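Reader: I've got a model open and want to practise reading it. Can you walk me through a few features?

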Amino acid sequence: PEEFVSAVTWFLGGPVKLAIVPGLLISIMETARTLGIWLIPVKFLGTFPFLTYLAIYIMGYAMGAADKFIEPITKRWSWLYFLTGIGLCVGYGAVDSIPYDLNGPAVKALLTVTCGLLRGFGMWLLLIGLIAVMRGKFTAKGWHRTFREMAMPFYLIHQQLLVAFASGALWVPYLRTFPVMLIVTTIPIVTIAFLITRSGPVRYFFGLPPPNGSCLPGKMLRGFLPVLVLTGLVLLHILLANLL
């Protein structure tokens, strides 16, 4: 929708906004998650940063919707984003290796906030920088484009298929060896990811643009109906998995 693209352009339009707004949001979530685990040891909080990943997914969707406005920014500042992200991630690893238990509560809280900021900004800048650099290096059509399209479906399905196979293969001596498991799982996952790129409207549910004239995402709620349904299902799954 034009209103959504306009809002994204206002919030993320510009090299500084694109780096700070999502990075700060992710950093706050990372810091709150870590502090919450210490202050409120509830099973629901867990240790998996699902809110962080959900924020990254939403930001990615927003950038994809306004790609014609965002792409020139990321293209111009790609290496700065990429190298800064690497530096912040290295800094996060260094600070996170400091033993928290050897310090008092104040230092512990300071290290937690510092780690949250470094991790949040680092993962965001590394992500958008790496994508921008790769888009600049691999722009030709053919197998480059095919593998780029397969990346998101592969990422979304690999864990589920790998866990499903491993849960049964671990009981068989030869199948549970690493080389066999690597080959047996990689081939079907890559094949399914390729088929998803050729699946027409179904591509939409795997972060790929549907073909022209597709029935998805549709016109109801200005095309947001599938996104809202998927978001509700993900939240319901998270609640059931952590509370039951």
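Author: Sure. Start with helix length: the expected span of a helix is 1.5 Å times one less than its number of residues. Keep in mind that this is a predicted model.

Reader: How does helix H3 (residues 50-65) compare with what it should span?

Author: H3 has 16 residues, so at 1.5 Å a residue it should span 22 Å, and its end C-alpha atoms are indeed 22 Å apart.

Reader: Which residues of H3 are buried?

Author: Buried means under 20% relative accessible area. In H3 that goes for Phe50, Thr52, Ala55, Ile56, Met59, Ala62 and Met63.

Reader: Is Thr31 buried or exposed?

Author: Use that cut-off again: Thr31 has 11% relative accessibility, so it counts as buried. Thr31 sits in helix H2 (residues 15-39). A polar atom of its side chain lies 2.9 Å from the backbone oxygen of Ser27.

Reader: What does Thr31 touch, not counting residues up to four places away in sequence?

Author: Thr112, Val113, Gly116 and Leu117.

Reader: And where is Gly207?

Author: Look in the loop between helix H8 (178-197) and H9. Partly exposed lies between 20% and 50%, so Gly207, at 48% relative accessibility, counts as partly exposed. Its C-alpha atom is separated by 38 Å from that of Ile98, 109 residues apart along the chain.

Reader: Which residues form a nonpolar patch on the surface?

Author: Val202, Phe205, Met220, Leu221, Leu225, Leu228, Val229, Leu230 and Leu233, with about 780 Å² of accessible area together. One of them, Leu228, is found in helix H9 (residues 225-243).

Definitions and conventions: Residues are numbered from 1 along each chain as its sequence is written. This is a predicted model: local features need pLDDT of at least 70, side-chain atom pairs count only at pLDDT 80 or more; totals for chains, interfaces and linings use all residues. Side-chain values use heavy atoms; hydrogens and water are left out. Helices (H or I, at least four residues) and strands (E, at least two) are DSSP runs, numbered from the N terminus. Buried means under 20% relative accessible area, exposed over 50%, partly exposed in between (1.4 Å probe, protein chains only). A polar contact is a pair of N or O atoms within 3.5 Å; within protein, one must be able to donate a hydrogen and the other to accept it, and residues adjacent in sequence count only if both atoms are side-chain atoms. Contact means heavy atoms within 4.5 Å. Patches are made of residues with over 30% relative accessible area and no salt bridge: like charges are joined within 9 Å, nonpolar side chains (Val, Leu, Ile, Met, Phe, Trp, Tyr) within 5 Å. Accessible areas come from the Shrake-Rupley method with a 1.4 Å probe; for residues, only the protein chains shown count as cover. A salt bridge is a side-chain nitrogen of Lys or Arg within 4 Å of a carboxyl oxygen of Asp or Glu.
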